[in-house]
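Please look through the sequence and the model shown here, and keep both at hand while reading the paragraphs that follow.

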Amino acid sequence: MSQLMYQLGETLSSLRKNVAMVASVVLVTFISLTFVGTAALMQLQVNQMTEDFYDRLEISVFLCTESSAEASCPTGPVTESQRDSIEEMLDTGAANQYVDSYRYETQEEALENFLADREDSVRAANVTAEDMTESFRILLENPQDFGIVNELFAGVPGVENVADQQAVLDQIFGILNGLTVVALIIAGVMILCTVLLVSTTIRLSAFSRRRETSIMRMVGASKSMIRTPFIFEGIIAALAGSLLACGATWVVAEFLIGQWLAQQVTGIVFIGAAESWIVMPGLVLAAVLLAGLSSWVTVRKHLRV
């Protein structure tokens, strides 16, 4: 115990003597791990949105109209009997086992939804109900069954085409995942800077204390007794930076994502401060491991005992 207290005392003394370098390590660690924490939060948000949107993913079975292409609708606009036949497929037919629920949208309802999303559009004012397409909006039991349902309705009289939202969602999630990768690349560069800065700090500290090290070596101090304070120095500085990064990660999750974004974008379930606690232990562990490893390598290489 006394040996550990001595090593901690030596570590604190060295930290006081190298305030500027230690502050640099803390700052760079803080910035790099904040990027890591933000990237992790972004990925958690993407996972949350993927689960939420895919649970609500709709398939649209668009019916033929007067303006439909002849290749898609050789029999012309959908008839009442064709519409009833499609609805029967959904209620008791081949498609029923894949359908969780469905609703029928008339041309008038389609126009209302179209105008609601484009209230400020000048072009929308010239659109009429005849320009819209009536459809069946289907919510599947399993969104992965889209291909099967698409085949069931392909070629059915009265059906112009079948579409789902997955392609659009995949593009959105692809962009979000790309932003996550960019954040991780920046974080990786910053972490490399942290490792190099920790190594430099330990080397300078070892150089400034070379006389003390020589005396300890002459009186028979063990290698671990001499090296451990330097390793503790790097770990403590990085740990301080990681705790600041944890605080920044909590702020991002609670205020930027959980409150500000949630107010700006409705209809999306956003993560909050609770998810930041999932990320924090990883940030602290990464800081301790990286600083400890880089410090250990540095003292073995540059501190001859």
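Are C64 and C73 buried or exposed? In this predicted model, C64 is buried, and C73 is buried as well. These two cysteines are joined in a disulfide, with 2.0 Å between their sulfur atoms, and the link between C64 and C73 is left-handed, with -85 degrees about the S-S bond. The count of disulfides comes to one. As for other cysteines, C193 has a relative accessibility of 37% and therefore counts as partly exposed, whereas C246, at 7% relative accessibility, counts as buried, because buried means under 20% relative accessible area.

From the cysteines we can turn to the surface, where L27, I31, F35, V182 and I186 make a nonpolar patch of about 380 Å². The elements that give two or more residues to this patch are helix α2, spanning residues 19–55, and helix α6, spanning residues 166–208, and it is α2 that gives the most, with three residues. V182 lies in helix α6, and with a relative accessible area of 43% V182 is partly exposed, because that class lies between the limits of 20% for buried and 50% for exposed.

A patch of another kind, negative in charge, is formed on the surface by E108, E109, E112, E130 and D131. Of these residues, E109 can be placed in helix α4, which covers residues 107–117, and its relative accessibility of 35% is the reason why E109 counts as partly exposed.

Note on methods: Residues numbered from 1 in each chain as written. Predicted model: local features only at pLDDT ≥ 70, side-chain atom pairs only at ≥ 80, totals over all residues. Heavy atoms only, no water. Patch = residues over 30% accessible without salt bridge, like charges linked within 9 Å, V, L, I, M, F, W, Y side chains within 5 Å. Areas by Shrake-Rupley, 256 points an atom, 1.4 Å probe, with all protein chains shown as cover. Salt bridge = Lys/Arg side-chain N within 4 Å of Asp/Glu carboxyl O. Lys, Arg positive; Asp, Glu negative; His and termini not counted. Charge placed at Lys NZ, Arg CZ, Asp CG, Glu CD. Helix = DSSP H or I, 4+ residues; strand = E, 2+ residues; numbered from the N terminus. Buried < 20%, exposed > 50% of the residue type's maximum accessible area, 1.4 Å probe, protein only. Disulfide = S-S within 2.5 Å.
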